[in-house]
Amino acid sequence: MRPARPSTALWAALALWACLGALPPPALRAEEPGAPAPGAPRVPPIDPLLLGTFPLNAGTSVVDGDTLRLVGQPPIRVLCLDCEEVFHAEADRAAADADFDAYARAKRGTSRVPVKFGTPAGTAAREFVRS
C-alpha cells in the first residue's frame, strides 16, 4: 500500500477540523466563572462554523446567485455552487444586450486568465435565488 499523499492528509485534517468546529461547546458548570445563572437563556457562541438558521438582510440579502448577506455576519458564499456574475453598471448591461459577443471580447481583453464580468445568466441566477 502506498503512503497517503500530503493533499489527502490535508483534506482529512480540514474535514476533521470542520466537524469538530461545528460541535456545540461543552456546557459550563454553575461553579465555573462565566457560567450562566440557572434558568438564564443560553447565548450561542460566535463561531464561523456555527450551523443554524440566520435572518437575511432585508432587501440586500441576495448579492448574486451564490452569495448571501446575513444579519450580523459577513457575506457568505454557498459551497459547491458557482454562478455567473451580475451586471454592476447599466452601461455593461446595455452593451451586453446590444451585442453580447463583442461585450464579452471587450471584457476579456488579452487576459490569459478568466475574467469575471456580468452576464444575463448572472442576473437570472440572482432572481432565481430571490424567488
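**Around Tyr-103: reading the labels**

Author: Tyr-103 is buried, with a relative accessible area of 5%. Keep in mind that this is a predicted model.

Reader: Why is Tyr-103 called buried?

Author: The label buried applies under 20% relative accessible area. Tyr-103 has 5%, so it counts as buried.

Reader: Thanks! And what makes the pair of Phe-100 and Tyr-103 tilted?

Author: Their ring planes stand at 50° and the centres are 5.8 Å apart. Stacked needs under 30 degrees and edge-to-face over 60, with the rest called tilted. At 50° the pair is therefore tilted. Both residues belong to helix α3, three residues apart, which is about one turn of the helix.

Reader: Is Phe-100 buried, partly exposed or exposed, and how do you know?

Author: Phe-100 has 31% relative accessibility. Partly exposed covers the range between 20% and 50%, so Phe-100 counts as partly exposed.

Reader: How do you know that Phe-87 and Tyr-103 form an aromatic pair?

Author: Rings pair if their centres lie within 6.5 Å, and these two are 6.1 Å centre to centre. Their planes are 50° apart, and the pair is tilted. Phe-87 sits in the loop between β3 (76-77) and α2, while Tyr-103 is in helix α3, so the pair ties together parts that are 16 residues apart in sequence. Phe-87 is buried as well, at a relative accessible area of 8%. Phe-87, Phe-100, Tyr-103 and Phe-117 make up one aromatic cluster.

Reader: Why is α2 called oblique to α3?

Author: The axes of α2 (residues 90-98) and α3 come within 5 Å and cross at roughly 130°. Roughly perpendicular spans 65 to 115 degrees, and roughly antiparallel starts over 145. An angle of roughly 130° fits neither range, so α2 is oblique to α3. On the α3 side, the contact is made by Phe-100, Tyr-103 and Lys-107; on the α2 side, by Asp-92, Ala-95, Ala-96 and Ala-98. These residues divide into five nonpolar, no polar and two charged.

Reader: Where is Gly-118, and what makes it count as buried?

Author: Gly-118 is in the loop between α3 (100-108) and α4 (120-130). With 8% relative accessibility, against a limit of under 20%, Gly-118 counts as buried. Leaving out residues up to four places away in sequence, Gly-118 touches Glu-85, Val-86, Phe-87 and Tyr-103. The C-alpha atoms of Gly-118 and Glu-85 are separated by 4.6 Å, although these residues are 33 apart along the chain.

Reader: How much of the whole protein counts as buried?

Author: Of its 131 residues, 17% count as buried.

Notes
Residues numbered from 1 in each chain as written. Predicted model: local features only at pLDDT ≥ 70, side-chain atom pairs only at ≥ 80, totals over all residues. Heavy atoms only, no water. Helix = DSSP H or I, 4+ residues; strand = E, 2+ residues; numbered from the N terminus. Buried < 20%, exposed > 50% of the residue type's maximum accessible area, 1.4 Å probe, protein only. Contact = heavy atoms within 4.5 Å. Axes fitted to C-alpha atoms, helices over the stretch in contact; angles between N-to-C directions. Nonpolar A, V, L, I, M, F, W, Y, C, P; charged D, E, K, R; others polar. Phe/Tyr/Trp six-rings, centres within 6.5 Å; stacked < 30°, edge-to-face > 60°.
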